[in-house]
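Welcome! Here is a friendly walk through one structure, from a single helix out to whole chains and back to a few individual residues.

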Amino acid sequence: MTTMTIPNTRPAKMLPPVQVAPAITIGTLTRVELRKLVNTRANRWLIGIALVGTGAAVALWFTLLDLFQGDVTWLDPLFLVSSPLSVLLPVLAVLTFTQEWGQRTSLTTFALEPRRGRVIGAKLLALGAVTVLGAVVFLAASTIAAVLTGPLTDKVVVWSGNLVPLGSAVILLAIAMASGAGFGMFVMNSPAAIALYFIIPVATASASTFPGVIGQVGQWLSGDTWGLILTPMTTTQWGQAGTAFALWVALPLALGIWRSFRVEAK
Amino acid sequence: MITIQNLTKRYGSFTAVDDITFTAPPGSVTGFLGPNGAGKSTTMRIAVGLTRPTSGSVHVLGANYRDLPNPAARVGVLLDASAQHSGRTGREVLTLGAMTLGTPQNRVDQVLEQVGLTAREANSRVGTYSLGMRQRLGVGHALLGNPEVLILDEPANGLDPQGIHWMRSLLRGFADAGGTVLLSSHLLHEVQMIADRIVMIGQGRIVADGAIDQLLSDGTDLETLFLTSTMSTSREGIAA
């Protein structure tokens, strides 16, 4: 990018300029995108429901405790308490892109920063920050559930150093966020993108349970293997994780970014 | 200053903007007029980098809009006041703009006061706004960076008489202080009152371009000039 010296042509009689930044940094763009994730009614409801759901999941944990024989490790509640956020945060990822096109705020966003790559990068960075925050909430919720298990029940809680469940949960969340972002960028329509985002995993997971060819193909299309990533996996399983990733994350992101650059903001 | 040089935009076989050239000089209000579908909005979108031209160029302050490091600090844009998230408050919309621009936070309050939105209105969601309130918010957003150029697509649309009067003084004052205004409008009597120059476009081509005094020197009014110049290119003209 050439650095042009834009001549200062400001007429003397005009009101003195308001103090502005000389250039827009990616840090500024990311802060703005983070703010946009929480400053609409729809997004606030989404986050609120996810947090309330997490609290409900912690409560639900205690009713399911009887299913656990023997000791309980502190990350055992994770599979349950991470579910609400894991399901709803990727919807935020979809919305951050689809809202710009559906609500037509693209006109404002790209008038403020005409270089779309920077805006897209900032949105992805903001979603990355949300993923980290999500991981923190997972950990906190699981810890709270584990801490309360001892006093409230007759179970023994083991504070093991095995962080694999947490790592898996974070990886799955990150993949889901990236996938949501890709669908949002490519489909550009909120209801359609959200619907596709939910239907495809269900469809491929159930296809993989069919006998015969459909089942075989389904196993390569389904993201079920992503949950095994931090555990020992066979080459086949890695291959299946790879194709599912390419199809439901890399491809939507690539197509979505391409489309975001091309489409007119009207 | 806005300079448009041999600008063309084609969508497949349809030519929306056909080799147009004109200048909106500083210190003046340039009225950009034409029937619906003539190419005004397309031209303005190209001017602010939202649409890529097929050929030709638009330079704002001597540069491509995309090359300005913080464009809203120098060019205020209002293309469509209803293009805002209905779940966001007016204050939030302006705050996002102020954050991107890097202005101090009190700038939002200053602008709200300048455009006549009360604190209660500012804290309501845009979805509850009337058309006039959206326009005021849009104009406010354009003014956030205290720019030297304003590019406005039908800014007085939906404003009540007080609002139209306010817009007139605002734009006139802005131009008199040396700023550049490129303004598209269908309110021809309004435009006749504030514009210094007129550019008329029909079916993608310039049909009139000059100082308003010269164009109307033979005593016609703007409406008559508009209707006769664009007759063959408007819907009514084509059907007739």
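Helix H8 of chain A runs over residues 190-207. Because a helix rises 1.5 Å a residue, its 18 residues should span 26 Å, and the end C-alpha atoms are indeed 26 Å apart. The expected span here is 1.5 Å times one less than the number of residues. Helices (H or I, at least four residues) and strands (E, at least two) are DSSP runs, numbered from the N terminus.

Before going further, please note that this is a predicted model, in which local features need pLDDT of at least 70 and side-chain atom pairs count only at pLDDT 80 or more, while totals for chains, interfaces and linings use all residues. Residues are numbered from 1 along each chain as its sequence is written, chains are lettered from A and ligands numbered from 1 in the order in which they are written, and side-chain values use heavy atoms, leaving out hydrogens and water.

**Two helices of chain A**

Which residues of H8(A) are buried? They are A:Ser190, A:Ala193, A:Tyr197, A:Ile200, A:Thr204 and A:Ala207. Buried means under 20% relative accessible area, exposed means over 50%, and partly exposed lies in between (1.4 Å probe, protein chains only). An α-helix has 3.6 residues a turn, so residues three or four places apart point the same way. The cover over the buried residues of H8(A) includes H4, helix H7 (164-187), helix H9 (212-221) and helix H10 (235-262) of chain A.

Helix H1 of chain A, residues 26-38, can be checked likewise: at 1.5 Å a residue its 13 residues should span 18 Å, and the distance of 19 Å between its end C-alpha atoms agrees. In H1(A), the buried residues are A:Thr28, A:Leu29, A:Thr30, A:Val32, A:Glu33, A:Lys36 and A:Leu37. These buried residues pack against helix H2 (41-64), helix H4 (83-102), helix H5 (106-112) and helix H6 (116-152) of chain A, together with helix H2 (90-101) of chain B. That last partner brings the other chain into the picture.

**The two chains side by side**

Chain A has ten helices and two strands, and read along the sequence it follows the pattern α-α-β-α-α-α-α-β-α-α-α-α. Chain B comes to ten helices and nine strands. With 240 residues, a compact globule would have a radius of gyration near 18 Å, and chain B agrees because its value is 18 Å. This radius is taken over C-alpha atoms, and the globule rule is 2.2 Å times the number of residues to the power 0.38.

The table sets out some whole-chain values.

| Chain | C-alpha box | Buried residues | Accessible surface |
|---|---|---|---|
| Chain A | roughly 80 × 50 × 30 Å | 43% of 266 residues | about 13100 Å², 72% from carbon and sulfur atoms |
| Chain B | roughly 50 × 40 × 35 Å | 58% of 240 residues | about 9100 Å², 50% from carbon and sulfur atoms |

The boxes are taken along the principal axes, for chain A and for chain B. Accessible areas come from the Shrake-Rupley method with a 1.4 Å probe; for residues, only the protein chains shown count as cover.

Contact means heavy atoms within 4.5 Å. Among contacts with a separation of 6 or more, residues 24 or more positions apart account for 73% in chain A and 68% in chain B.

Charges can be summarised too. In chain A, the mean positions of the 16 positive and 9 negative charges are 24 Å apart. In chain B, the mean positions of the 19 positive and 21 negative charges are 9 Å apart. Lys and Arg count as positive and Asp and Glu as negative, with His and the chain ends not counted. The place of a charge is NZ of Lys, CZ of Arg, CG of Asp or CD of Glu.

**A few residues to look up**

A:Thr149 lies in helix H6 of chain A and counts as buried because its relative accessibility is 0%. Leaving aside neighbours within four places in sequence, A:Thr149 is in contact with A:Trp61, A:Phe62, A:Leu65, A:Lys155 and A:Val157.

Is A:Val52, in helix H2 of chain A, buried or exposed? A:Val52 counts as exposed, at 61% relative accessibility. A:Val52 and A:Pro84 are 32 residues apart in sequence and 8.6 Å apart in space, C-alpha to C-alpha.

Most residues other than glycine have a negative phi. B:Asp19, not a glycine, has a positive phi of about 55°. B:Asp19 lies in strand S2 (residues 14-24) of chain B and is partly exposed, with a relative accessible area of 45%. B:Leu61 is also not a glycine and has a positive phi of about 55°. B:Leu61 sits in the loop between strand S4 (55-60) and strand S5 (75-78) of chain B, and at 5% relative accessibility B:Leu61 counts as buried.
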